[in-house]
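I opened my notebook to record what I looked up in this structure. The entries follow in the order I made them.

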Amino acid sequence: MKNAFSATMAISMLLLTGCVCNQCKCKTTTVDDGFTRIFNGTDLDGWMGRKDLFYVENGDLVFREGKSNYGNLFYQREFKDFTARFDFKLVPNGNNGFAVRAGKPCVDGGALIGGNKALADAAYNGMEIQVLDDTGPLKQHLKAWQYHGSIYGVVAAQKGALKPVGEWNHEEVTVVGENVTVVLNGKTILATSVKDLPVDGTTPDGKPHPGLHNPSGYIGFLGHTMPVRFRNIEIKEL
């Protein structure tokens, strides 16, 4: 009787905390509030793209530092409407990005390549939510739409909610239809709609954004030379 009870409890715990089917390769974990943890803190299982430029250290997802290192890491499947949340830690002048509804050509592309390769760049074939050290001395010349939480090249976020460099921040990105909301450390820094925004180069950055209105696509991280860290990466479909 004790063995039967123990087996039942073990199966119940597995069903509550993650995938147990032989066919599933995602190693996701379901959190109590309906979110699914999509980064296991151990390896890059379930992720694709420039896996050579990202690594796992002490349970964190880290971009590999290097002056010529630019590359994207995407979760293995597409999403439409969702809330994604994650913690991140910046280094001085740190720069990365969170991809929203990126098109398939972006998977093996580099971050911010733009130009005639815009379809391979998640900032243009999709949306890039900036992850940036706004206080960095090398970042004070930027445009408003380049600072943290902004939709790169399109809509500027409100500044001032980042914690000091070296501390962990918590961010939530919600995308429903063409509405985008970014909450940083409990403060809403962006709440906008891209519904009526053009894709033909008349956005604030003056560049075409052919994927701005993608109905679905990939989420991921867009590395820009600096060792920005991420952890507790979770998503809930809406």
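**Entry 1: a glycine in a loop**

Is Gly 201 buried or exposed? I noted beforehand that the model is predicted. I looked up the relative accessible area of Gly 201 and found 15%. Buried means under 20%, so Gly 201 counts as buried.

I then placed Gly 201 in the chain. Gly 201 sits in the loop between β12 (187–193) and β13. I checked what Gly 201 touches, leaving out residues up to four places away in sequence. The list is Gly 206, Lys 207 and Pro 208. I also looked up Gly 153, which is 48 residues from Gly 201 in sequence. The C-alpha atoms of Gly 201 and Gly 153 are 10.0 Å apart.

**Entry 2: the chain as a whole**

I stepped back to the overall counts. The chain has 1 helix and 14 strands. Of its 238 residues, 49% count as buried. I then took the contacts in the chain with a separation of 6 or more. Residues 24 or more positions apart account for 65% of them.

**Entry 3: an open sheet**

In what order do the 5 strands of the open sheet stand? I wrote down β3-β6-β13-β8-β9, with antiparallel pairing. The edges are β3 (47–49) and β9 (127–132). Each has a single partner strand, so one side of each is left without a neighbour in the sheet. I also looked up the turn between neighbouring strands of this sheet. The average is 25 degrees, direction ignored.

A reminder to myself: strands of a sheet pair through backbone hydrogen bonds, either parallel or antiparallel.

I followed β6 next. 3 bridges join β3 to β6, and the two run antiparallel. Gly 49 has Leu 73 as its bridge partner in β6. On to β13: 5 bridges join β6 (residues 70–75) to β13 (residues 218–224), again antiparallel. Tyr 70 has His 224 as its bridge partner in β13. Gly 71 stands opposite Gly 223 in β13. I checked how covered β6 is, and 5 of its 6 residues are buried.

**Entry 4: the largest pocket**

Which residues are the closest to the centre of the largest pocket? I first noted its volume, about 220 Å³. Of the 14 lining residues, the closest to the centre are Tyr 70, Asn 95, Lys 139, His 224 and Thr 225. I recognised Tyr 70 and His 224 from the entry above, where they are bridge partners. By class, the lining has 7 nonpolar, 6 polar and 1 charged residues.

**Entry 5: from β6 to β7**

I moved along the chain to Gln 76. Gln 76 lies in the loop between β6 and β7. Its relative accessible area is 36%, which makes Gln 76 partly exposed. I looked up its separation from Asp 45, 31 residues away along the chain. The two C-alpha atoms are separated by 9.1 Å.

Then I came to β7. How many of the 8 residues of β7 are buried? I found 7, so β7 (residues 82–89) is largely enclosed by the rest of the structure. I looked up two of its pairings. β7 pairs with β10 (residues 168–176) over 8 bridges, in the antiparallel sense. Ala 84 has Val 173 as its bridge partner in β10. β7 also pairs with β14 (residues 229–237), antiparallel, over 7 bridges. In that pairing, Arg 85 has Glu 234 as its bridge partner in β14.

**Entry 6: β10, β11 and β12**

I went on from β10 to β11. The two pair in the antiparallel sense over 6 bridges. Thr 174 has Thr 181 as its bridge partner in β11. The hairpin of β10 and β11 has 2 residues between the strands. There, Gly 177 takes a positive phi near 60 degrees.

β11 and β12 pair over 6 bridges, also antiparallel. In β12, Thr 181 has Ala 191 as its bridge partner. This hairpin has 2 residues between the strands, and Asn 185 takes a positive phi near 50 degrees.

Which side chains of β11 are buried? I found that the side chains of β11 (residues 179–184) alternate. Val 180, Val 182 and Leu 184 point to one face and are buried. Asn 179, Thr 181 and Val 183 point to the other face and are not buried.

Conventions: Residues numbered from 1 in each chain as written. Predicted model: local features only at pLDDT ≥ 70, side-chain atom pairs only at ≥ 80, totals over all residues. Heavy atoms only, no water. 1 Å grid on protein atoms, 1.4 Å probe; cavity = no way out; pocket = protein on both sides within 12 Å on 5 of 7 lines; lining within 4 Å. Points joined across faces, edges and corners; volume = space filled by probe spheres on them. Nonpolar A, V, L, I, M, F, W, Y, C, P; charged D, E, K, R; others polar. Pairing = 2+ DSSP bridges. Helix = DSSP H or I, 4+ residues; strand = E, 2+ residues; numbered from the N terminus. Axes fitted to C-alpha atoms, helices over the stretch in contact; angles between N-to-C directions. Buried < 20%, exposed > 50% of the residue type's maximum accessible area, 1.4 Å probe, protein only. Contact = heavy atoms within 4.5 Å.
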